[in-house]
Amino acid sequence: MRVTKKANVLICGFSQDEYAELSAVLADIGIDSFHAYAVHSALYAINRGASDLLFLDSDFAEDYRPLLFALPQEAMCPVIVFGRRHSEAFELGSFEAGADDYIVWPHSPRIAAARANALLKRCGKSVEVERILVGNLVLYPGLYRAFSGGKEIFLAPGDNKLLCLLARNVGKVLTREQIQNEIWSYDYDSSPRAVDTQVKRLRKAMAGMNTGVAIRSVYGVGYKLVLNNNFFE
């Protein structure tokens, strides 16, 4: 199914309690969020387009401003700096480095979420994305993200594509050749048995999670995704 879903907010820094509070109020108004603890992981997420807005704790790094300068122009990712000091020079420095807004922190999380929502709307960041719901799985194919019971399943891009393909065809048997042609290009030189390896890797990533689904082998043909059974044959 396709749904309208607001942008992802990347929350950089903050304590676990602060992150939980900010994440909760963002979720209340329909905005997703995720957490980064290190500068390199934040830049990686931004560079691959996973974030539409950045909440940046001024204590995220020894000096957070180089992170602002490092943001690629094409990323078009607005930034709200949460400053832990009330200083005109510090605030001006944040704007000079590229911040779009500045909030003295601690502050009302709900006001912060409202300001984030207003900034996202001005930037046209509400986007149409595909969301697939099957069993306890929530899949976002365009974002290459998968969740089970609120916990993210970290998958390689190809494995994510495989899971989404099976989920779109729940209960339907897909041959190895069908899967191969959907996941890889037609001119990619790979054996249909490579699908078996990929399925094995996907099962391993999902093992122990309450997904509410199972990947069933259909002897001599291929695979199908079925509901209400976590036993993988």
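How many helices and strands does the secondary structure of the protein come to? Colour the model by secondary structure and you can tick off eight helices and 14 strands. Keep in mind on this tour that the model is predicted.

**The whole chain**

Start with everything displayed. The protein has 233 residues, and buried ones make up 47% of them. Switch on a surface: the protein exposes about 12,200 Å², with carbon and sulfur atoms supplying 52% of that area. If you like contact maps, count the contacts with a separation of 6 or more; residues 24 or more positions apart account for 55% of these.

**Stop 1: strand S4 and its partners**

Select residues 53-57, which form strand S4. Five of its five residues are buried, so the strand is mostly covered, given that buried means under 20% relative accessible area. Show the side chains next. Leu53, Phe55 and Asp57 point one way, while Leu54 and Leu56 point the other way. This fits a general pattern: in a regular strand the side chains alternate between the two faces of the sheet.

Now add strand S2, residues 8-12, which runs parallel to S4 and is joined to it by four bridges. To see one of these pairings, pick Val9, whose bridge partner in S4 is Leu53. Then add strand S5, residues 79-83, which also pairs with S4 in the parallel sense, over four bridges. Here Asp57 stands opposite Phe82 in S5.

**Stop 2: His35 and its surroundings**

Move to strand S3, residues 32-36, and select His35. Is His35 buried or exposed? Its relative accessible area is 16%, so His35 counts as buried. Measure from its side chain and you will find the backbone oxygen of Gly13 at 2.6 Å. The His35 side chain also makes a polar contact with the side chain of Tyr37, at 3.3 Å. Beyond its neighbours within four places in sequence, His35 is in contact with residues including Leu10, Ile11, Phe14 and Tyr19.

Phe14 deserves a click of its own. Phe14 sits in the loop between S2 and helix H1 (16-28). With a relative accessible area of 8%, Phe14 is buried. Check its backbone too: phi of Phe14 is near 70 degrees, a positive value in a residue other than glycine.

**Stop 3: a cis peptide bond**

Which way does the peptide bond from Trp105 to Pro106 go, cis or trans? Zoom in on that pair and read off omega: the value is near 10 degrees, and the bond is cis. Pro106 belongs to the loop between strand S6 (101-104) and helix H5 (109-122). For context, most residues other than glycine have a negative phi, and most peptide bonds are trans.

**Stop 4: the nonpolar cores**

Show the largest nonpolar core, a set of 25 residues, and highlight Leu137, Leu139, Leu163, Ile179 and Leu202, which touch the most other members. Two or more residues of this core come from each of strand S8 (132-134), strand S9 (137-140), helix H6 (157-168), helix H7 (176-183), H8, S13 and strand S14 (222-227). H6 gives the largest share, six residues. Centre the view on Leu163: leaving aside neighbours within four places in sequence, Leu163 is in contact with Leu137, Leu139, Ala146, Leu155, Leu202 and Met206. There is also a second, separate core of 22 residues, and Ala50, Leu56, Val79 and Ala97 are among them. Leu56 may be familiar from the visit to S4.

**Stop 5: the three-stranded sheet**

Select S12, S14 and S13, which in that order form an open sheet with antiparallel pairing. Strand S12 (174-175) and S13 are the edge strands, each pairing on one side only. S13 and S14 are joined in the antiparallel sense over six bridges. One pairing to label is Arg216 with its bridge partner in S14, Lys224. Bring back H6, which packs on the sheet, touching S12, S13 and S14, and whose direction makes about 65 degrees with that of S14. Helix H8 lies across S13 and S14, running at about 155 degrees to S13.

**Last click: Thr211**

Finish in the loop between helix H8 (193-206) and strand S13 (213-218), where you will find Thr211. Thr211 counts as buried because its relative accessibility is 0%. A polar atom of the Thr211 side chain lies 3.2 Å from the backbone oxygen of Val213.

Key:
Residues are numbered from 1 along each chain as its sequence is written. This is a predicted model: local features need pLDDT of at least 70, side-chain atom pairs count only at pLDDT 80 or more; totals for chains, interfaces and linings use all residues. Side-chain values use heavy atoms; hydrogens and water are left out. Buried means under 20% relative accessible area, exposed over 50%, partly exposed in between (1.4 Å probe, protein chains only). Contact means heavy atoms within 4.5 Å. Accessible areas come from the Shrake-Rupley method with a 1.4 Å probe; for residues, only the protein chains shown count as cover. A polar contact is a pair of N or O atoms within 3.5 Å; within protein, one must be able to donate a hydrogen and the other to accept it, and residues adjacent in sequence count only if both atoms are side-chain atoms. A nonpolar core is a set of buried Ala, Val, Leu, Ile, Met, Phe, Trp, Tyr and Cys residues joined through side-chain atoms within 4.5 Å. Two strands pair if DSSP finds at least two bridges between them. Axes are lines fitted to C-alpha atoms, for helices over the stretch in contact, and angles run from 0 to 180 degrees between N-to-C directions.
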